[in-house]
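Please open the structure in your viewer and keep the selection tool at hand. Each stop below says what to select and what is there.

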Amino acid sequence: MSFFDETLSSLHTKIKNKEVTVTELTKASFDQIKATDDKIHAFLTLDEERAMAKAAELDKQDADHLLYGIPAGIKDNIVTKGLRTTCASQLLDNFEPVHDATVMNRLNDANIVSVGKLNMDEFAMGSSNENSGYVTARNPWNTDHVPGGSSGGSAAAVAAGQVPFALGSDTGGSIRQPASFCGVVGLATYGRVSRFGLVAFASSLDQIGPITRTVEDNAYVLQQIAGHDPLDSTSAHMDVADYTKGIDGGVEGLRIAVPKEYLGEGVDEGVKARIQEALQKLEELGASWEEVSLPNSKYAVAAYYLLASSEASANLARFDGVRYGVRKEGTDLLDLYKKSRSEGFGDEVKRRIMLGTFALSSGYYDAYYKKAQKVRTLIREDYEQILHSYDVILGPTVPTTAFKVGENTDDPLTMYLKDLLTIL
């Protein structure tokens, strides 16, 4: 069977009514992966033996949860007990975690079937999946084009019908941007979903979220993974609401803010046109919108890459060839560090480590990192001021449509500007 025409609720109904077994669903997932992944490269590691064994066990029980028996893919920077977790880096090629991330515990409580680990930009650093330490994932709609990043494998797997849903991670747009490029639904969740067990890139920005085919499906997955976690200091103390409540309630009276910067310089005319069409449709359905301004948004790219790279420099210091992952032998300890890191990390990871180390170094901390923190506060205040008067802020996710593989690899600045609208 194909997942293209199925929602999570329709699959649940079929499982519950014995119209399809969990084993059949899981086999369908692996069949689709085997039929398409030689061109898409969404998965880095498959867990077929354990997945089929779990499916057989679940077929002996009653489906007691909407996600019961649903096959899912997990981004390869979310730790999974006993299953290789590489962050798409050669440095972690042999790393098998000894525990599950909190999101995995919560999904396992619902008895999902994890089929494997999904491709990504190395350590979540990138906007195209071209920075994977193994192979570039491709956009299922046109394999000459990128799926977006860093959760490119997660978005591609859902768009290709390999799995009904996947988990990704987002630091500066890494769920939302590939979801946009692949035509699926991606949600960033900072504070609402525990990051415990997510291999850190930039700790003040990282988040885990669902990628699905529909908004309703996204709400169902969020329902299961949301909630406070004492193991994550950024986890918000808030009740888990019914995220599907009111999903068909319409937009009558909704007040929409459209920052003029979202439709300004650098945004393709075709992208602007689609946003205008959406606004016209929303008006017809009873919403209202006004243009507003985010005056500090022009500093966002510079501030983000200073902050994220600085935190990455600190977080990735632990990967030294001694405690985690692959070790390259050297003449002494310092040589071991140098060889393990220089051979294990890819170019983009090295670039960001060097930028972050410079920004945090003596004599430059106040001029760069501290100033970027102040700019972040100003940007946040711009948003808070708008949200005092409006219900939502609307704009494009990415300034362009999906670009071709290799088109921007020699121009890091152009690639960084692809995150212009999500890092805000």
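**Stop 1: the largest cavity**

Begin with the lining of the largest cavity in this predicted model. By class, that lining has 4 nonpolar, 7 polar and 2 charged residues. Select Gly-126, Gly-172, Ser-174, Tyr-304 and Asp-419. Of the 13 residues that line the largest cavity, these lie nearest its centre. The space inside is about 70 Å³. How many cavities of 30 Å³ or more does the count give? The count comes to 1 cavity.

**Stop 2: Tyr-304 and its neighbour ring**

Keep Tyr-304, one of the residues nearest the centre of the largest cavity. The count of aromatic pairs in the structure is 9. Add Tyr-305 to the selection. The two ring centres are 4.8 Å apart and the planes stand at 90°, so Tyr-304 and Tyr-305 make an edge-to-face pair. Are Tyr-304 and Tyr-305 buried or exposed? Both are buried.

**Stop 3: Phe-181 and Phe-403**

Now select Phe-181 and Phe-403, another aromatic pair. Their arrangement is edge-to-face, with 5.9 Å from centre to centre and 90° between the planes. Which parts of the chain does this pair tie together? Phe-181 belongs to helix H6 (residues 176-182), while Phe-403 sits in the loop between E9 and H13. The pair therefore ties together parts that are 222 residues apart in sequence. Phe-181 is buried, and Phe-403 is buried as well.

**Stop 4: a cluster of rings**

Select Phe-123, Phe-319 and Phe-345. Ring pairs link these three into a cluster.

**Stop 5: Thr-397**

Go to the loop between strand E9 (392-393) and helix H13 (412-417), and pick Thr-397. Its relative accessibility is 28%, so Thr-397 counts as partly exposed. What does Thr-397 touch, apart from neighbours within four places in sequence? Show Arg-176, Gln-177 and Ser-180, then Leu-421 and Thr-422: Thr-397 is in contact with each of these. For a long view, put a distance label between the C-alpha atoms of Thr-397 and Glu-19. The label should read 39 Å, for residues 378 apart along the chain.

**Stop 6: the second largest pocket**

Select Val-79, Gly-197, Leu-198, Val-199 and Arg-318. They are the closest to the centre of the second largest pocket, out of 19 residues that line it. This pocket holds about 440 Å³ of space. Its lining divides into 12 nonpolar, 3 polar and 4 charged residues.

**Stop 7: the cysteines**

How many disulfides does the count give? It comes to 0 disulfides. Pick Cys-87, in the loop between strand E2 (71-75) and helix H4 (102-109). Cys-87 has 0% relative accessibility, so it counts as buried. Check its backbone too: phi of Cys-87 is near 55°, a positive value in a residue other than glycine. Then pick Cys-182. Its relative accessible area is 0%, so Cys-182 is buried.

**Stop 8: Lys-18**

Select Lys-18, in the loop between helix H1 (8-16) and helix H2 (22-40). Phi of Lys-18 is positive, about 60°, although the residue is not a glycine. Is Lys-18 buried or exposed? At 56% relative accessibility, Lys-18 counts as exposed.

**Stop 9: a cis peptide bond**

Zoom in on the backbone between Gly-149 and Ser-150. The peptide bond that joins them is cis, with omega about 5°. Ser-150 is in the loop between strand E3 (113-118) and helix H5 (152-159).

**Stop 10: Ser-389**

Finish in the loop between helix H12 (366-387) and E9, where Ser-389 is found. With 41% relative accessibility, Ser-389 counts as partly exposed. Add Gly-133 and label the distance between the two C-alpha atoms. Ser-389 and Gly-133 are 256 residues apart along the chain, and their C-alpha atoms are separated by 45 Å.

Terms used: Residues numbered from 1 in each chain as written. Predicted model: local features only at pLDDT ≥ 70, side-chain atom pairs only at ≥ 80, totals over all residues. Heavy atoms only, no water. 1 Å grid on protein atoms, 1.4 Å probe; cavity = no way out; pocket = protein on both sides within 12 Å on 5 of 7 lines; lining within 4 Å. Points joined across faces, edges and corners; volume = space filled by probe spheres on them. Nonpolar A, V, L, I, M, F, W, Y, C, P; charged D, E, K, R; others polar. Helix = DSSP H or I, 4+ residues; strand = E, 2+ residues; numbered from the N terminus. Buried < 20%, exposed > 50% of the residue type's maximum accessible area, 1.4 Å probe, protein only. Contact = heavy atoms within 4.5 Å. Phe/Tyr/Trp six-rings, centres within 6.5 Å; stacked < 30°, edge-to-face > 60°. Disulfide = S-S within 2.5 Å.
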